[in-house]
Amino acid sequence: MLGHGAGGGVESPDLVGAAEAAHEAGLSVALVEQPYRVAGRRSPAPANQLDAAWVAVIEQLDFGGVPLLTGGRSAGARVACRTAADVGAVAVLCLAFPVHPPGKPEKSRLEELDAVQVPTLVVQGESDPFGNPPPGPNRTVVRIPGTHSLRSSGTVAAAVSDWLETGVW
């Protein structure tokens, strides 16, 4: 299951690349559009509402015992991290995880990423103004050319494919 960022939808190039890599690995992918986007609003809902909507979608899907990998880009990655334990995710994929607001490293969101206890892949632009997270326990960080937008679906797909092939999840 993959979610979008605050300012865009599920058609972003990095989500498309990640979904393609998952399909090629034989996985099914659900791309989830948050309710504020469905309603046509551009500003995201508060974190607790985003998390509740995400969990509600997962609860409505029948996975038939298949392991659940969750993830997303930017704000969607944060949602996946905050809810990973609650939904029983076996792994988390973070595309362009926003470590801090641009120019404000003192407002770190790293604790959300650090709280994830399952294998995690972070694909991050080398010049992301939202920061670059360090590798950590159960966390692989792949830096690719680019900024926060991660416009190269092929480069993202390659990083995700390589990680999926390791079977760490």
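The exercises below, each with a worked solution, concern a predicted model of one protein chain.

**Exercise 1. Overall build**

Task: Describe the secondary structure of the chain, and decide how its radius of gyration compares with that of a compact globule.

Solution.
- Step 1. Count the elements: the chain has six helices and six strands.
- Step 2. Put them in order. Starting at the N terminus, the elements run β-α-β-α-α-β-α-β-α-β-β-α.
- Step 3. Take the radius of gyration. A compact globule of 169 residues would have a value near 15 Å, and the chain has 14 Å, which agrees.
- Step 4. Add the box. Along the principal axes, the C-alpha atoms fill roughly 45 × 35 × 30 Å.
- Step 5. Look at burial and contacts. Buried residues account for 47% of the 169 residues. Of the contacts between residues at least 6 apart in sequence, 55% join residues at least 24 apart.

**Exercise 2. A salt bridge between a strand and a helix**

Task: Find which parts of the chain are tied together by the salt bridge of Arg73 and Asp14, and state whether each residue is buried or exposed.

Solution.
- Step 1. Check the distance. The side chains of Arg73 and Asp14 meet at 2.3 Å, N to O, and the cut-off for a salt bridge is 4 Å.
- Step 2. Place the residues. Arg73 belongs to strand E3 (residues 69–73) and Asp14 to helix H1 (residues 13–24), so the bridge ties together parts that lie 59 residues apart in sequence.
- Step 3. Assess burial. Buried means under 20% relative accessible area. Arg73 has 10% and is therefore buried; Asp14, at 0%, is buried as well.
- Step 4. Set the pair in context: the count of salt bridges comes to six.

**Exercise 3. A network of salt bridges**

Task: Work out which residues are linked in a network of salt bridges, and trace the bridges of Arg82 to Asp51 and to Glu112.

Solution.
- Step 1. Start with Asp51 and Arg82. Their closest N and O atoms are 2.9 Å apart. Asp51 sits in helix H3 (residues 47–60) and Arg82 in helix H4 (residues 75–87), so this pair links parts of the chain 31 residues apart.
- Step 2. Go on to Glu112 and Arg82, whose salt bridge has an N to O distance of 3.3 Å. Glu112 is in helix H5 (residues 110–114) and Arg82 in helix H4, so this bridge ties together parts 30 residues apart.
- Step 3. Compare exposure. Asp51 is buried at 15% relative accessibility, and Glu112 is buried at 13%. Arg82, with 24%, is partly exposed.
- Step 4. Assemble the network: it links Asp51, Arg78, Arg82 and Glu112.

**Exercise 4. Two pockets**

Task: Describe the largest and the second largest pocket by volume, lining and residue class.

Solution.
- Step 1. Take the largest pocket, which holds about 380 Å³ of space. It is lined by 20 residues, and those closest to its centre are Met1, Leu27, Ser28, Val29 and Leu69.
- Step 2. Identify the contributing elements. H1, E3 and helix H6 (153–166) each give at least two residues to this lining.
- Step 3. Sort that lining by class: 18 residues are nonpolar, two are polar and none is charged.
- Step 4. Turn to the second largest pocket, with a volume of about 190 Å³. Its lining has 13 residues, of which Ala6, Ala75, Arg78, Pro98 and Arg109 are closest to the centre.
- Step 5. Identify the elements here. H3 and H4 each supply at least two residues, and H4 gives the most, with three.
- Step 6. Sort the second lining: eight residues are nonpolar, two polar and three charged.

**Exercise 5. Positive phi outside glycine**

Task: Locate Ala96 and Leu150 in the chain, and say whether each is buried or exposed.

Solution.
- Step 1. Recall the background: most residues other than glycine have a negative phi.
- Step 2. Take Ala96. Its phi is positive, about 55°, although it is not a glycine. Ala96 lies in the loop between strand E4 (91–95) and H5, and at 0% relative accessibility it is buried.
- Step 3. Take Leu150. Its phi is also positive, near 45°. Leu150 lies in the loop between strand E6 (139–144) and H6, and at 1% relative accessibility it is buried.

Methods. Residues are numbered from 1 along each chain as its sequence is written. This is a predicted model: local features need pLDDT of at least 70, side-chain atom pairs count only at pLDDT 80 or more; totals for chains, interfaces and linings use all residues. Side-chain values use heavy atoms; hydrogens and water are left out. Helices (H or I, at least four residues) and strands (E, at least two) are DSSP runs, numbered from the N terminus. Buried means under 20% relative accessible area, exposed over 50%, partly exposed in between (1.4 Å probe, protein chains only). On a 1 Å grid over the protein atoms alone, a cavity is a set of points where a 1.4 Å probe fits but cannot get out, and a pocket is an open set with protein on both sides within 12 Å along at least five of seven lines; lining residues have an atom within 4 Å of a point. Grid points are joined across faces, edges and corners, and a volume is the space filled by probe spheres set on the points. Ala, Val, Leu, Ile, Met, Phe, Trp, Tyr, Cys and Pro count as nonpolar, Asp, Glu, Lys and Arg as charged, and the others, Gly among them, as polar. The radius of gyration is taken over C-alpha atoms; the globule rule is 2.2 Å times the number of residues to the power 0.38. Contact means heavy atoms within 4.5 Å.
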